[in-house]
Amino acid sequence: MPLSRRDLLALSGGALAASTLRPSVARAQTPKPPDAGARRGGTLSLRTWDPPHFDPFQTISYKTHIALSFTHSRLLKHKAGPSVVPGTFVIEGDLAESWSQPSETTYVFKLRKGVRWHHKPPVNGRELTADDVVYSVNHFLTVKGNANAYMLKSVEKVEATDKYTVKFTLKEPFVWFLDMLANPLAVAIVAREVVEKYGDLKKHEAVVGTGPWMLDAYRPNVGLSFVRNPGYVLAGLPYIDRVEMTVDEDNASRISAFLAGKYDLGWEFPGTINRTDWVQIKDTLKQKRPNLKTVEYPSAVMSHLSMRTDGKPFNDVRVRQAMSLAIDRKAIIEAVFEGVGVLNPPVPAALREWSIPIDKLGDGARYYRYDPTEAKRLLAAAGYPNGFPATMCFTTYGSTILVDSMQLVQKYLKDVGIDAKLDTKEYGAYISTCFYGKFDSMTYGPQTGFLEPDNFLFGQYYPDELKNQSHINDPVVADMLVRQRRTADVAKRREIIVDIQRHLARQQYYVQMPSGVYIGVWEGALKNYAPSFGYDYGGRLMAAWLER
Amino acid sequence: MLRRYLVRRLLVAVPSLLIATAIVFTLPRLIPGDAVQLMLAETSYAKDIDELRAKLGLDRPFHVQYVEWIGRAARGDLGESLWTRRPVVQELGQRLPVTAELALYATLIALLIAVPVGVLAAARQDSLSDYVVRSLAILGLSVPGFWLATLLIVLPAIWWGWRPVTGFVEFRADPLGHVVQILLPAVILGVASAAALMRLTRGMLLEVLRQDYVRTAWAKGLAERAVVIKHGLRNAVIPVITLLGTQLPQILGGTVVIETIFGLPGVSRFLFDAINQRDYPVIQGVNLLVVSTVVLVNLAVDALYAVLDPRIRY
């Protein structure tokens with residue numbers, strides 16, 4: 001992820017490297033000095049979700065990846081803490097002490113020395129070497145059932161050039177490579193011995209990493225306990241001795257637990273409280289927990305309406321534009337987000353470095369207005385004066401917010417003559433069909449809240465990509481998508497991404513819906529912490545401490 | 001005689017169990033979307049789906065799978081969870097004590113409330129206490145357990161900043177904390193059962209108290225306690241015991257919501273998750289356990305009749 005100018009100024013001195021400086025420039029992270037006033041000790045209490053299993057290469061489930069963010073390291077990570085603005089992702093070393101990019105397709109990582117695996121069998125605290133990284137990357141790329149393998153599909157080979165050096169060779173330039181490595185969904189570094197001993201990493205006994213905490217206990221349906229890793233490579237870190245995570249599947253229970261001070265972070269992902277609940281309990285919280293801290297930032301989870309643009313009627317741009325004009329996005333914000341939300345262009349507004357405001361979308365901005373009259377006119381011009389019948393594939397994800405917004409979308413489409421019959425599927429059936437573009441007419445649903453724009457753009461708009469739900473084959477877009485992947489210069493890449501969004505706003509291959517605004521909430525006694533996106537709870541808490 | 005009866009009943013239970021297992025085996029497979037589809041939902045690779053189905057033995061004919069499962073179940077092997085790859089027996093072994101304890105406490109609480117209150121209401125028919133008790137019984141029957149549970153954990157948090165312990169407390173780690181944690185959900189489960197039992201106790205006792213032999217007992221000058229408890233209650237209690245037997249599956253069913261609200265890692269929640277994940281071996285294992293429990297409890301109830309009423313002989 002590139003650094004903004006503000007970030008670069010803030011980080012003057014070159015202590016921290018970003019991902020997208022010129023090739024061949026070596027990057028390094030200086031050892032982090034102890035935080036002023038930091039205290040060791042204490043137990044942090046969080047709400048969590050029961051992981052389906054613990055194999056990070058067999059699931060995209062946040063339940064698993066959040067748990068493993070405490071125990072496993074990656075080569076790179078996202079910088080965390082109060083100085084980081086939510087929605088910006090500065091890259092720093094995790095296991096990598098420094099890295100360089102000798103050519104457009106070569107990356108070389110120097111590992112920290114003295115990194116040790118947790119003192120658990122079968123590794124029992126042995127030193128991590130470059131071979132472990134090579135094994136993990138190859139396992140990530142080749143193991144069956146890894147839905148995240150696409151993140152590193154640009155990798156041609158990975159090799160250990162010495163005990164502490166790992167060299168990646170890419171098939172083609174891919175400027176988001178470092179962002180992929182830093183993403184908590186990508187390669188958690190695992191030990192070959194553990195995989196060989198257990199066959200896979202699904203059992204909790206296989207949770208053996210090099211991260212700041214160790215899994216101390218797992219109680220199915222009850223919770224997880226993490227204990228500080230005394231041999232963690234960054235001396236002094238983490239500050240918090242124990243992390244107790246409680247599986248709490250009932251909202252009333254969660255509310256009462258939070259009111260009673262049992263949780264130190266907001267109980268919803270990622271450490272937030274839903275606005276509907278917040279509105280109800282904020283006054284009580286002022287009395288019961290006056291030291292709570294809050295920060296609001298838009299969610300990167302965005303729903304959209306996808307459609308078969310490879311056939312009638314959605315292959316006509318006027319039909320797609322009409323559909324966008326038919327949707328009253330502000331009313332959706334009022335109805336389902338308690339009046340607080342943001343409008344999304346093709347890159348969600350939450351990714352503030354890459355998204356552009358709707359009014360900067362040029363000609364395409366007009367299609368984000370609510371104008372049913374113009375929608376009907378466009379439909380008539382396209383040859384559908386009375387609209388047309390359609391189907392809308394959908395699954396609830398167990399979310400009332402999603403169901404409410406879907407019903408509004410259905411109603412708005414009907415108002416302009418598009419009679420979308422609902423095709424509700426069970427979650428598994430939905431994901432294996434409609435989510436991957438296997439539907440006849442339309443699909444409505446949320447998209448993963450990625451941490452960089454490439455996943456939102458390349459994944460959803462490039463021909464034949466798995467998540468190209470709308471079956472788009474637009475040479476103009478495809479060319480720009482490839483170009484941005486090859487443009488190392490951040491400013492130039494941003495220009496291309498802005499151009500892509502403007503083009504897509506006119507084309508309306510997907511009709512984007514608004515997102516809610518998170519309310520990140522945490523206990524005031526928790527210092528040096530700040531909420532952000534993503535599953536990296538462990539990374540955000542690694543340098544935090546408790547004062548109570 | 002009783003032994004012969006019990007053996008006969010056990011033999012009769014075998015076809016019931018077989019029919020129940022066949023239903024349990026069939027129904028989850030009729031829900032759209034199978035376990036493999038859910039497990040590989042994220043990747044959606046058709047080839048992998050077929051491979052995994054074959055690996056898990058889910059590609060074989062339905063009856064072959066059933067016969068194999070029933071054969072293994074008879075030997076105490078309920079298979080492995082499709083998701084965690086752990087033996088179902090082992091998983092059940094961890095969770096069964098929680099649900100059993102909850103159900104036991106709930107039943108005891110139901111009995112402790114229902115019988116004395118039912119007796120009081122019958123003995124004081126149409127008095128103020130009778131009306132109060134009957135009203136409370138209707139309330140107990142009407143109030144949904146989940147609603148009561150929600151109020152009981154949210155209101156103390158709002159008023160006093162207190163709530164029951166979050167997370168499950170193991171008995172060996174903190175015996176008192178464990179009992180306190182189980183008690184509140186047990187009371188909630190017990191209240192609904194108590195209401196029905198109380199009404200039946202009252203009704204049956206009223207009927208018995210009108211019998212000639214009770215009138216004779218009164219005429220002999222026996223104390224009220226002896227008449228009501230010894231002559232009345234003992235003869236009125238058989239239908240109550242029958243109802244108690246049928247309440248057990250209801251209590252077990254009711255624990256799904258209660259276990260979720262109170263974060264108890266019991267069998268019911270395990271079953272709920274398994275249904276969502278189409279984890280067939282777990283669904284089959286838990287249901288087999290529940291069906292077997294119901295059969296055994298009913299058998300125990302039948303045996304208890306003979307103990308409570310010496311006139312009943314098998």
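The exercises below concern backbone geometry in a predicted model, and each is followed by a worked solution.

**Exercise 1.** Determine which peptide bond involving P122(A) is cis, and find where P122(A) is located in chain A.

*Solution.* Begin with the omega angle: the bond that joins P121(A) and P122(A) has an omega of about 5°, and this bond is cis. Then place the residue along the chain, where P122(A) is found in the loop between β6 (106–111) and α3 (130–142).

**Exercise 2.** Describe the peptide bond from F269(A) to P270(A), and say between which elements P270(A) lies.

*Solution.* The omega angle of the bond from F269(A) to P270(A) is near -15°, and the bond is cis. As for its position, P270(A) belongs to the loop between α6 (251–259) and α7 (275–288) of chain A.

**Exercise 3.** For D464(A), state the phi angle and the location, and then decide whether the residue is buried or exposed.

*Solution.* First, phi of D464(A) is about 70°, a positive value although the residue is not a glycine. Second, D464(A) sits in the loop between α13 (453–461) and α14 (475–486) of chain A. Third, count the neighbours: D464(A) has 9 other C-beta atoms within 10 Å, and because a residue with 12 or fewer is classed as exposed, D464(A) is exposed.

**Exercise 4.** Carry out the corresponding analysis for H471(A), giving its phi angle, its loop and its exposure class.

*Solution.* Phi of H471(A) is near 55°, which is positive in a residue other than glycine. The loop between α13 and α14 of chain A contains H471(A). Since H471(A) has 18 C-beta neighbours inside 10 Å, it counts as partly exposed, the class that falls between exposed, at 12 or fewer, and buried, at 20 or more.

Terms used:
Residues numbered from 1 in each chain as written. Chains lettered and ligands numbered in written order. Predicted model: local features only at pLDDT ≥ 70, side-chain atom pairs only at ≥ 80, totals over all residues. Helix = DSSP H or I, 4+ residues; strand = E, 2+ residues; numbered from the N terminus.
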